[in-house]
Number of protein chains: 2
Amino acid sequence: MAPSTTTQNYLKAVYQLQQRQDGRGPVPMGQLAQAIGITPGTATTMVKRFADDGLLDYTPRKGVRLTPRGRKLALAVLRRHRIIETFLVQVLGLDWAEVHEEAEVLEHAVSEKVLDKLDAYLGHPTADPHGSPIPPAPGSGPMRTIEMRPLTSCESGQSVTVGRLLDTLPRFLQFAERNGLTPGTRLTVIDNDPAADAVTVKVGRSAPTTLGSAAAGKVLVTGE
Amino acid sequence: MAPSTTTQNYLKAVYQLQQRQDGRGPVPMGQLAQAIGITPGTATTMVKRFADDGLLDYTPRKGVRLTPRGRKLALAVLRRHRIIETFLVQVLGLDWAEVHEEAEVLEHAVSEKVLDKLDAYLGHPTADPHGSPIPPAPGSGPMRTIEMRPLTSCESGQSVTVGRLLDTLPRFLQFAERNGLTPGTRLTVIDNDPAADAVTVKVGRSAPTTLGSAAAGKVLVTGE
DNA sequence: TCTATTATTTTGAATAGTCAAAGTTTGAAT
DNA sequence: ATTCAAACTTTGACTATTCAAAATAATAGA
């Protein structure tokens with residue numbers, strides 16, 4: 001009855017899509033299918049099974065949302081994923097932009113015992129290298145989240161701190177790294193012109209960088 | 001075409017059985033089935049597939065042996081397994097007797113990149129915590145093995161050093177640990193009487209321990 | 001040599017997860 | 001309202017891995 005790797009991936013995807021869509025309404029099949037990289041037909045089939053198992057609530061033609069049990073499982077997977085990412089970067093020194101893929105596999109292979117050791121070894125981190133919060137071990141209180149907003153919401157002239165990168169694609173992360181847009185970095189918004197559909201920022205004393213709004217929307221910041 | 005987890009487990013098992021039977025003759029289906037924990041019928045079915053893939057040589061009613069390609073793969077799996085075990089014990093401090101099971105899963109989830117980092121982090125170890133040799137990375141020369149013989153081959157009065165434990169069962173390993181029979185430990189054979197089917201040894205200044213010959217046969221030693 | 005036991009292979013069926021393609025709904029736009 | 005495109009569901013099929021049980025071959029002992 002232990003949830004399979006596949007099950008865990010479905011739940012994780014639903015959780016993350018639910019976050020993005022900000023809770024209101026169920027996650028449509030199409031999005032889920034795309035996120036996991038399977039055909040919509042498969043998504044429908046699988047989702048019905050998970051609904052029977054009490055992990056998802058499924059409304060035909062509408063979509064799915066996690067049940068409490070499903071959410072608990074999804075958070076456990078995310079916790080594994082992020083602790084592993086942190087370990088790979090901080091201890092083994094793997095490429096910041098590429099650990100996601102590694103963790104995607106390892107999150108299904110690491111036992112509770114090993115996870116706890118990793119967590120302790122790292123000093124119980126609360127965020128992974130990309131700034132995503134690490135869900136606490138079950139029974140260790142709620143996930144404490146820091147208030148962040150996308151770079152697109154900043155006004156010209158504001159100084160803020162990069163808190164989190166929402167994309168997992170190495171391409172995007174490598175771009176971010178090259179331009180100093182890593183969590184903890186302070187930056188100043190030179191210009192945010194909705195008409196231009198772009199945001200220009202300056203990190204330290206290097207040349208300014210301009211991000212399209214799609215990219216800027218994936219950079220979450222704190223401060224001011 | 002990347003070999004599946006299942007394939008890797010079959011090859012690993014064949015390799016280890018081949019070692020035990022000391023090369024001569026193919027590994028019979030029954031043993032393979034038992035080692036992997038599947039029914040003999042399944043073993044036959046699968047083995048024929050692997051033979052088609054050029055990983056095994058299969059002689060009906062006789063058994064299987066690894067092809068060069070199969071052996072290479074088996075050694076790669078063993079390398080992963082043993083580096084992971086070493087890491088779990090030396091870095092994370094997991095229980096010496098229980099890391100085998102963990103590594104059994106992780107060996108299929110760790111990428112080449114991560115493996116190399118682990119190997120470097122550990123200082124390129126040549127043996128795992130149970131004394132089993134770690135196959136070198138492909139192209140790094142042959143596996144250099146240390147000459148060892150079972151405790152059952154020692155004469156009364158000999159002093160030798162524990163080199164390797166052949167069993168992976170936590171029960172056996174915990175027993176070994178409790179009695180100081182871990183790789184590197186020096187011991188003196190108090191008595192080895194084939195008639196008694198047992199070997200009595202003394203580690204340091206603690207009370208002597210007696211092992212049945214089945215257990216003593218799984219303790220490999222060097223020296224004298 | 002004959003037979004009884006043991007090892008191995010074959011056969012038929014099951015499960016998890018997947019796709020392609022055909023069939024349905026829904027909802028927006030005319 | 002009617003229609004069309006997009007989203008969703010159904011159906012039939014396929015792969016990998018497994019088991020149980022029946023069929024077959026090999027072997028050791030009398």
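Start in chain B: select B:Arg149 and B:Val221, which is its bridge partner in β8(B). The model is predicted.

Now widen the selection to the two strands. β3(B) is joined by 2 bridges to β8 of chain B, residues 219–222. The two strands run antiparallel.

Next, show the whole sheet. This open sheet in chain B has 6 strands, in the order β3-β8-β4-β5-β6-β7, and its pairing is antiparallel. Then colour β3 (149–150) and β7 (209–212) of chain B. These strands stand at the edges with a single partner strand each, so one side of each has no neighbour in the sheet.

Move to the DNA. Select strand C and the residues around it. There are 20 of these residues. The closest are A:Ser4, A:Gly41, B:Pro28, B:Gly30 and B:Gly41. Which elements give two or more residues to the surface near DNA strand C? From chain A, look at α1 (5–20) and α3; from chain B, look at α2 (29–36) and α3. Colour this surface by class: 6 residues are nonpolar, 12 polar and 2 charged.

Switch to DNA strand D. Here, too, the surroundings hold 20 residues. Label A:Pro28, A:Gly30, A:Gly41, B:Ser4 and B:Gly41, which come nearest. Chain A supplies at least two residues from each of α2 (29–36) and α3 (40–52) to the surface near this strand. Chain B does so from each of α1 (5–20) and α3 (40–52). Colour by class again: the surface near DNA strand D has 12 polar, 6 nonpolar and 2 charged residues.

Note on methods:
Residues are numbered from 1 along each chain as its sequence is written. Chains are lettered from A and ligands numbered from 1 in the order in which they are written. This is a predicted model: local features need pLDDT of at least 70, side-chain atom pairs count only at pLDDT 80 or more; totals for chains, interfaces and linings use all residues. A residue is near a molecule or strand if its C-beta atom, placed from the backbone, lies within 6 Å of it. Helices (H or I, at least four residues) and strands (E, at least two) are DSSP runs, numbered from the N terminus. Ala, Val, Leu, Ile, Met, Phe, Trp, Tyr, Cys and Pro count as nonpolar, Asp, Glu, Lys and Arg as charged, and the others, Gly among them, as polar. Two strands pair if DSSP finds at least two bridges between them.
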